[in-house]
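I opened my notebook to look up the main features of a protein structure, going from the whole fold down to its pocket. My entries follow the order in which I looked.

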Amino acid sequence: MQQAADYYLTARGRHPASTNQMLMTSISTLASFTGFEGADTFLTQPLLIIAGSKAGSLWHSQQLNDSAASRDKTLVIMPDATHMVLYDGEGATRAADTLAPFFHTHLMHG
């Protein structure tokens with residue numbers, strides 16, 4: 001959570017129009033949302049997931065990779081990267097270098 005605060009509450013990731021406030025009435029909706037429902041049936045498109053080896057959210061990526069119905073799926077784990085490291089700077093460049101060939105293959109020729 002500290003890394004998220006360091007990103008979203010500083011000039012590095014904060015949007016100028018954001019108040020950086022969350023409504024307390026949103027917590028139950030946020031807590032009950034997983035995003036995995038239906039992946040085993042509907043997520044049939046080619047899938048590339050990029051996660052950091054030190055990301056607290058790594059398990060989300062692993063679970064989605066395991067449950068997605070896609071027959072063409074790849075999980076790339078970036079060594080020594082946290083979740084926020086992949087948002088900008090060298091981490092984002094490393095992620096983009098992985099994404100570019102995937103997009104070229106699946107958007108240009110598919």
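The entries below cover the fold, the surface, the charges and the largest pocket.

Entry one, the fold. I kept in mind from the start that this is a predicted model. I looked up the secondary structure and found five helices and two strands, which follow one another along the sequence in the pattern α-α-α-β-α-β-α. I then looked up the extent of the C-alpha trace, which spans about 40 × 35 × 25 Å along its principal axes.

Entry two, contacts and burial. I took the contacts with a separation of 6 or more and noted that 67% of them join residues 24 or more positions apart. I also looked up how much of the protein is buried, and of its 110 residues the buried ones make up 22%.

Entry three, surface and charges. The accessible surface comes to about 7,800 Å², and I noted that carbon and sulfur atoms hold 59% of this area. For the charges, I found 6 positive and 9 negative ones, and the mean positions of these two sets are 2 Å apart.

Entry four, the largest pocket. I looked up its volume and wrote down about 500 Å³ of space. The lining has 17 residues, of which Ala55, Ser57, His83, Met84 and Tyr87 are the closest to the centre of the pocket. Which elements give two or more residues to this lining? I found helix H1 (2-8), strand S1 (47-52) and helix H4 (58-67), and I noted that S1 provides the largest share, with four residues.

Notes. Residues are numbered from 1 along each chain as its sequence is written. This is a predicted model: local features need pLDDT of at least 70, side-chain atom pairs count only at pLDDT 80 or more; totals for chains, interfaces and linings use all residues. Side-chain values use heavy atoms; hydrogens and water are left out. Buried means under 20% relative accessible area, exposed over 50%, partly exposed in between (1.4 Å probe, protein chains only). Contact means heavy atoms within 4.5 Å. Accessible areas come from the Shrake-Rupley method with a 1.4 Å probe; for residues, only the protein chains shown count as cover. Lys and Arg count as positive and Asp and Glu as negative; His and the chain ends are not counted. The place of a charge is taken as NZ of Lys, CZ of Arg, CG of Asp or CD of Glu. On a 1 Å grid over the protein atoms alone, a cavity is a set of points where a 1.4 Å probe fits but cannot get out, and a pocket is an open set with protein on both sides within 12 Å along at least five of seven lines; lining residues have an atom within 4 Å of a point. Grid points are joined across faces, edges and corners, and a volume is the space filled by probe spheres set on the points.
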